[in-house]
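Work through the exercises below with the model open in a viewer. Try each task before reading its solution.

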Amino acid sequence: MSVVTTSVRLSSTDGISLTALRRYFAVIIPANLVWEFAHMPLYTIWNEGTWGEIVFAAVHCTGGDILIAMSALMLALMLSGRGWPLVASTRRSVTVLTVVFGLGHTLFSEWLNIVIRAAWAYSDLMPIIPVLDAGLSPVLQWIVVPLVAFWWAVWPFSTERDV
């Protein structure tokens, strides 16, 4: 077995920062858990389910949120992440793509699980976005939580390196 070497040189902007990834998930995980519990009264399970079912649903949905966040971020990084988070234009494109992918998945999932599968339902308290026919809370979740997570993740990298 031989070892093949290449003469590819990587600059400091070719890779991505594991520190930024860790900071991103340090916000995404607890923030989604808190959001899931906070908006539980907007779903019928709040009035119809047992406390055990409510806790299970919130923890289960948080697990899904983590997978969505991870998938959306990784897809965004693969498409436009060169130098993330060191390069300002890359920070912006990765943030926008991640939010768009996460939001797209959420809108599809809400439609699939409410309209098609009837796996869950909104209570009368859930504000509905008319054109999308989706709940306001899950839509805001996939805008607010990732934006806060990105702010925290890239903050140490964004003060002096804006290119």
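**Exercise 1: The largest pocket**

Task: How much space lies in the largest pocket, and which residues are closest to its centre?

Solution. In this predicted model, the largest pocket holds about 620 Å³ of space. Its lining has 26 residues, and the closest to the centre are Glu-36, Ala-57, His-60, Cys-61 and Trp-120. Next, go from residues to elements. Helix H2 (45-48), H3, helix H4 (88-116) and helix H5 (136-158) each give two or more residues to the lining. H3 gives the most, with 8 residues. Last, sort the lining by character. It divides into 12 nonpolar, 9 polar and 5 charged residues.

**Exercise 2: One residue of the lining**

Task: Place Trp-120 in the fold, and decide whether Trp-120 is buried, partly exposed or exposed.

Solution. Start with the position. Trp-120 sits in the loop between H4 and E1. Now take the relative accessibility, which is 28% for Trp-120. Buried means under 20% and exposed means over 50%. Trp-120 therefore counts as partly exposed. Then look for a contact in space. Thr-44 is 76 residues away from Trp-120 in sequence, yet the two C-alpha atoms are 7.4 Å apart. Trp-120 is also one of the residues closest to the centre of the largest pocket.

**Exercise 3: A nonpolar patch**

Task: Which residues make the nonpolar surface patch of about 300 Å², and which elements give two or more residues to the patch?

Solution. The patch is made by Leu-33, Phe-37, Val-55 and Val-59. Helix H1 (18-38) and helix H3 (51-80) are the elements that give two or more residues to it. Take Phe-37 as a test case. Phe-37 lies in helix H1. Patch residues need over 30% relative accessible area. Phe-37 has 35%, so Phe-37 is partly exposed.

**Exercise 4: Backbone outliers**

Task: Where is the cis peptide bond, and which residues other than glycine have a positive phi?

Solution. Begin with omega. The peptide bond from Trp-84 to Pro-85 is cis, with omega near 5°. Pro-85 belongs to the loop between H3 and H4.

Turn to phi. Ala-118 is not a glycine, but its phi is positive, at about 55°. Ala-118 is placed in the loop between H4 and strand E1 (128-129). With a relative accessible area of 56%, Ala-118 is exposed.

Asp-133 also has a positive phi, near 55°. Its place is the loop between E1 and strand E2 (134-135). The relative accessibility of Asp-133 is 55%, so Asp-133 counts as exposed.

**Exercise 5: A leucine in H3**

Task: Is Leu-67 buried or exposed, and how many residues separate Leu-67 from Gly-102 in sequence?

Solution. Find Leu-67 in helix H3. Its relative accessible area is 52%. The cut-off for exposed is over 50%, and Leu-67 is therefore exposed. Now compare sequence with space. Leu-67 and Gly-102 are 35 residues apart in sequence. From C-alpha to C-alpha, Leu-67 and Gly-102 are 9.9 Å apart.

**Exercise 6: The whole chain**

Task: How many helices and strands does the protein have, and what share of the residues is buried?

Solution. Count the elements: there are 5 helices and 2 strands. Then read along the sequence. The pattern is α-α-α-α-β-β-α. Finish with burial. Of the 163 residues in the protein, 39% are buried.

Key
Residues numbered from 1 in each chain as written. Predicted model: local features only at pLDDT ≥ 70, side-chain atom pairs only at ≥ 80, totals over all residues. Heavy atoms only, no water. Patch = residues over 30% accessible without salt bridge, like charges linked within 9 Å, V, L, I, M, F, W, Y side chains within 5 Å. Areas by Shrake-Rupley, 256 points an atom, 1.4 Å probe, with all protein chains shown as cover. Salt bridge = Lys/Arg side-chain N within 4 Å of Asp/Glu carboxyl O. Helix = DSSP H or I, 4+ residues; strand = E, 2+ residues; numbered from the N terminus. Buried < 20%, exposed > 50% of the residue type's maximum accessible area, 1.4 Å probe, protein only. 1 Å grid on protein atoms, 1.4 Å probe; cavity = no way out; pocket = protein on both sides within 12 Å on 5 of 7 lines; lining within 4 Å. Points joined across faces, edges and corners; volume = space filled by probe spheres on them. Nonpolar A, V, L, I, M, F, W, Y, C, P; charged D, E, K, R; others polar.
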